[in-house]
Amino acid sequence: MSIINSTMNELYEKPLHTEGNFWAGHDRNSILRIIEAGLHYLTTTDLVNLHATISAVQISRDHNQAEEKVAGI
């Protein structure tokens with residue numbers, strides 16, 4: 001659990017530096033602020049579809065973390 005918390009803290013603090021990534025140079029808080037500001041311009045249908053995407057990412061992340069625990073990573 002402390003490894004996950006450590007990783008999440010790093011995500012909040014460190015800017016992304018992935019070449020070709022739209023979010024390169026932004027830290028996690030900056031990304032969240034930009035996304036939240038943009039939500040006001042979306043329709044209800046857009047927001048529902050976005051929620052489905054978020055759910056799929058959460059399920060995938062949970063599945064990957066479970067596999068890492070089994071593999072001992």
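Here are three short exercises with worked solutions on the structure above.

This is a predicted model, in which local features need pLDDT of at least 70, side-chain atom pairs count only at pLDDT 80 or more, and totals for chains, interfaces and linings use all residues. Residues are numbered from 1 along each chain as its sequence is written, and side-chain values use heavy atoms, with hydrogens and water left out.

**Exercise 1. Find the helices and strands of the chain, then look at α3.**

Step 1. Helices (H or I, at least four residues) and strands (E, at least two) are DSSP runs, numbered from the N terminus.
Step 2. The chain holds three helices and zero strands, in the order α-α-α from the N terminus on.
Step 3. Helix α3 has 28 residues and reaches 41 Å from its first C-alpha to its last. That is close to the 40 Å expected at 1.5 Å a residue, where the expected span is 1.5 Å times one less than the number of residues.
Step 4. After α3 comes G72, with a positive phi near 80 degrees.

**Exercise 2. Decide where the model is most and least confident.**

Step 1. Use pLDDT, the predictor's confidence in each residue, from 0 to 100.
Step 2. The chain averages 79, and 73% of the residues score at least 70.
Step 3. Confidence is highest in α2, at a mean of 93, and lowest in helix α1 (residues 2–13), at 53.
Step 4. Over residues 1–5 the pLDDT is below 50, and this stretch has zero contacts (heavy atoms within 4.5 Å) beyond near neighbours in sequence.
Step 5. Where pLDDT is low, the predicted coordinates should not be read in detail.

**Exercise 3. Is L39 buried, exposed or partly exposed?**

Step 1. Buried means under 20% relative accessible area, exposed over 50%, and partly exposed in between (1.4 Å probe, protein chains only).
Step 2. L39 lies in helix α2.
Step 3. L39 counts as partly exposed because its relative accessibility is 30%.
Step 4. For the wider picture, 3% of the 73 residues of the chain count as buried.
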